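Biologist: I have a new model on my screen and would like to talk it through. Could you walk me through it, one question at a time?

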Amino acid sequence: MPIDADKPELFNDLTNIWHAFHDLSTSRPAGMSACGLPWLEVSRFAEDHGIDGADRLRFCRLVRVLDVEFLSAMAKRREVRRGNDRLRDSRRFDQPGEGV
């Protein structure tokens, strides 16, 4: 099965939003976990690309929705990793003569 077999369909009118979201992701603050995109960066991107009025509001709202979904996916991935780490650690100490 191809890697992107479960990838959702992206409607043509949303392609620019998707690319903008990826471009904006490079301005995401670094930290211990994924942080939201700064509103000023999203707004500045819209301004720099001539997006104004109702289109600007729509653009900012759609980027924010993508960002919320991205952060949610990252949080889920982090929880799975923590669970896998706990499971691995518990197995390591279950074996006689191994561990500490």
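Modeller: Happy to; here are some questions and answers about this predicted model.

Biologist: How many helices and how many strands are in the chain?

Modeller: Starting at the N terminus, the elements run α-α-α. The chain therefore has, counting DSSP runs, three helices and zero strands.

Biologist: What percentage of the residues in the chain is buried?

Modeller: A residue is buried here if its relative accessible area is under 20%. The chain has 100 residues, and the buried share of them is 14%.

Biologist: Which element gives the most to the largest nonpolar core?

Modeller: Nonpolar side chains tend to be buried together in soluble globular proteins. In this chain the largest nonpolar core has eleven residues, among them Ile17, Phe21, Leu37, Phe45 and Val63. Helix H1 (15-25), helix H2 (39-48) and helix H3 (53-94) each give two or more residues to this core. With four residues, the element that gives the most is H1.

Biologist: Which residues does Val63 touch, leaving out those up to four places away in sequence?

Modeller: Val63 is itself one of the residues of the largest nonpolar core. Beyond four places in sequence, Val63 touches Ile17, Phe21, Leu24, Leu37 and Val42.

Biologist: Is Asp67 buried or exposed?

Modeller: Asp67 is part of helix H3. Leaving aside neighbours within four places in sequence, Asp67 has contacts with Phe21, Arg28, Gly36 and Leu37. The relative accessible area of Asp67 is 2%, and the cut-off is under 20%, so Asp67 is buried.

Biologist: Are H1 and H2 roughly parallel or oblique to each other?

Modeller: Two packed helices are described by the angle between their axes and the distance between the axes. For H1 and H2 the axes are 11 Å apart and the angle is about 130 degrees. Roughly parallel needs an angle under 35 degrees and roughly antiparallel one over 145, while 65 to 115 counts as roughly perpendicular. H1 and H2 fit none of these, so their arrangement is oblique.

Biologist: How do the residues of the contact of H1 with H2 divide into nonpolar, polar and charged?

Modeller: The crossing of these two helices, H1 and H2, is right-handed. H1 brings Ala20, Asp23 and Leu24 to the contact, and H2 brings Glu41, Val42 and Phe45. By type, the residues of this contact are four nonpolar, no polar and two charged.

Terms used
Residues are numbered from 1 along each chain as its sequence is written. This is a predicted model: local features need pLDDT of at least 70, side-chain atom pairs count only at pLDDT 80 or more; totals for chains, interfaces and linings use all residues. Side-chain values use heavy atoms; hydrogens and water are left out. A nonpolar core is a set of buried Ala, Val, Leu, Ile, Met, Phe, Trp, Tyr and Cys residues joined through side-chain atoms within 4.5 Å. Buried means under 20% relative accessible area, exposed over 50%, partly exposed in between (1.4 Å probe, protein chains only). Contact means heavy atoms within 4.5 Å. Axes are lines fitted to C-alpha atoms, for helices over the stretch in contact, and angles run from 0 to 180 degrees between N-to-C directions. A crossing is left-handed if the near helix is turned anticlockwise from the far one by less than a right angle, and right-handed if clockwise. Ala, Val, Leu, Ile, Met, Phe, Trp, Tyr, Cys and Pro count as nonpolar, Asp, Glu, Lys and Arg as charged, and the others, Gly among them, as polar.
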